[in-house]
Amino acid sequence: MGKEEIISLLNKALELEHSAHIQYLSHAEIVEGENAEPIIARLKEIAGDELKHQEKFRALIGALGGVPSMNTAPTASAKTITEILDANLKDEKMAVDVYRKIMDKISKDKSKYYDFLLEHEIRHILMEEQEHITELELLLGKSGSSY
Ligand SMILES: [Fe+2]
Ligand SMILES: [Fe+2]
């Protein structure tokens with residue numbers, strides 16, 4: 001796999017992180033009701049993780065000599081708490097699928113000096129997305145349903 005292809009995949013990931021960050025922050029502002037406080041706190045906390053993921057992906061792209069994207073992937077609107085949690089759970093799962101594909105592609109390409117740092121960083125982000133899935137499922141009362 002060429003460097004350009006890796007840069008392009010990492011830019012897709014960066015765009016997902018841009019929209020995830022914006023979406024969590026926007027959704028945090030529309031949560032209302034008795035149980036709103038802990039949900040708002042959790043959404044903002046996850047938004048902070050997505051911001052760190054952006055920084056990671058940007059640095060990885062820069063290290064490969066690429067230009068980090070300034071675009072965003074599509075975002076989802078939601079009104080109720082359940083809609084918000086469902087929309088973000090769906091997007092977290094999509095991010096896991098996309099990052100997993102990137103990992104698979106990288107690991108198949110062990111031709112020369114295999115990029116362990118890249119693999120490590122993406123694996124670490126994947127672990128955090130998995131945590132987000134667990135947290136959203138817990139809030140939805142669907143704990144462990146992704147297994
Ligand atoms: Fe993320
Ligand atoms: Fe996430």
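**Exercise 1. The site of ligand 2**

Which protein donors does the iron ion (ligand 2) have, and how far from it do they lie?

*Solution.* The model is a predicted one.

Step 1. List the donors. The iron ion (ligand 2) has as protein donors Glu50 (OE), Glu92 (OE), Glu92 (OE), Glu129 (OE) and His132 (ND1), at 2.0 to 2.2 Å.

Step 2. Place the donors along the chain. Their spacing reads E-x41-E-x36-E-x2-H.

Step 3. Relate two of the donors to the fold. Glu92 belongs to helix H3 and Glu129 to helix H4, so this pair ties together parts 37 residues apart in sequence.

Step 4. Check the accessibility of that pair. Glu92 and Glu129 are both buried, where buried means under 20% relative accessible area.

**Exercise 2. The site of ligand 1 and the bridge**

Determine the coordination of the iron ion (ligand 1) and identify the residue that bridges it to the iron ion (ligand 2).

*Solution.*

Step 1. List the donors. Glu17 (OE), Glu17 (OE), Glu50 (OE), His53 (ND1) and Glu129 (OE) coordinate the iron ion (ligand 1), at distances of 2.0 to 2.3 Å.

Step 2. Write the spacing. Along the chain, the donors of the iron ion (ligand 1) follow E-x32-E-x2-H-x75-E.

Step 3. Find the bridge. The iron ion (ligand 1) and the iron ion (ligand 2) lie 3.8 Å apart, and Glu50 bridges them.

Step 4. Locate the bridging residue in the fold. Glu50 lies in helix H2 (residues 36-63) and Glu129 in helix H4 (residues 116-140), so the two tie together parts that are 79 residues apart in sequence.

Step 5. Check accessibility. Glu50 is buried, as is Glu129.

**Exercise 3. The overall fold**

Describe the secondary structure of the protein chain and decide whether its radius of gyration agrees with that of a compact globule.

*Solution.*

Step 1. Count the elements. The protein chain contains four helices and zero strands, and its pattern along the sequence is α-α-α-α.

Step 2. Compare the radius of gyration with the expected value. A compact globule of 147 residues would have a radius of gyration near 15 Å; the protein chain has 16 Å, and therefore agrees.

Step 3. Give the dimensions. The C-alpha trace spans about 55 × 30 × 20 Å along its principal axes.

Step 4. Consider burial and contacts. Of the 147 residues, 42% are buried. Among contacts between residues at least 6 apart in sequence, 79% join residues at least 24 apart.

**Exercise 4. The second largest pocket**

What is the volume of the second largest pocket, and which helix supplies the largest share of its lining?

*Solution.*

Step 1. State the volume. The second largest pocket has a volume of about 230 Å³.

Step 2. Find the residues at its centre. The lining comprises 20 residues, of which Leu16, Ser19, Ala20, Asp91 and Met94 are the closest to the centre of the pocket.

Step 3. Assign the lining to helices. Helix H1 (3-30) and helix H3 (81-108) each contribute at least two lining residues. The largest share, eight residues, comes from H3.

Step 4. Classify the lining. It consists of ten nonpolar, four polar and six charged residues.

**Exercise 5. Three helical positions**

Assign Ala47, Ala59 and Glu83 to their helices and state the accessibility of each residue.

*Solution.*

Step 1. Take Ala47. Ala47 is part of helix H2. Its relative accessible area is 0%, so Ala47 is buried.

Step 2. Examine the surroundings of Ala47. Leaving aside residues up to four places away in sequence, Ala47 touches His21, Tyr24 and Leu25. Tyr24 is 23 residues from Ala47 along the chain, and their C-alpha atoms are separated by 5.5 Å.

Step 3. Take Ala59. Ala59 also lies in helix H2. With a relative accessible area of 49%, Ala59 is partly exposed, the cut-off for exposed being over 50%. The C-alpha atoms of Ala59 and Gly2, 57 residues apart along the chain, are 18 Å from each other.

Step 4. Take Glu83. Glu83 is located in helix H3. Its relative accessible area of 41% makes Glu83 partly exposed. Glu83 and Ser143 are 60 residues apart along the chain, with a C-alpha separation of 17 Å.

Terms used: Residues are numbered from 1 along each chain as its sequence is written. Chains are lettered from A and ligands numbered from 1 in the order in which they are written. This is a predicted model: local features need pLDDT of at least 70, side-chain atom pairs count only at pLDDT 80 or more; totals for chains, interfaces and linings use all residues. Side-chain values use heavy atoms; hydrogens and water are left out. On a 1 Å grid over the protein atoms alone, a cavity is a set of points where a 1.4 Å probe fits but cannot get out, and a pocket is an open set with protein on both sides within 12 Å along at least five of seven lines; lining residues have an atom within 4 Å of a point. Grid points are joined across faces, edges and corners, and a volume is the space filled by probe spheres set on the points. Ala, Val, Leu, Ile, Met, Phe, Trp, Tyr, Cys and Pro count as nonpolar, Asp, Glu, Lys and Arg as charged, and the others, Gly among them, as polar. Donors are N, O and S atoms within 2.8 Å of the metal (3.2 Å for Na, K and Ca); water is not among the atoms, so sites may look incomplete. Buried means under 20% relative accessible area, exposed over 50%, partly exposed in between (1.4 Å probe, protein chains only). The radius of gyration is taken over C-alpha atoms; the globule rule is 2.2 Å times the number of residues to the power 0.38. Contact means heavy atoms within 4.5 Å.
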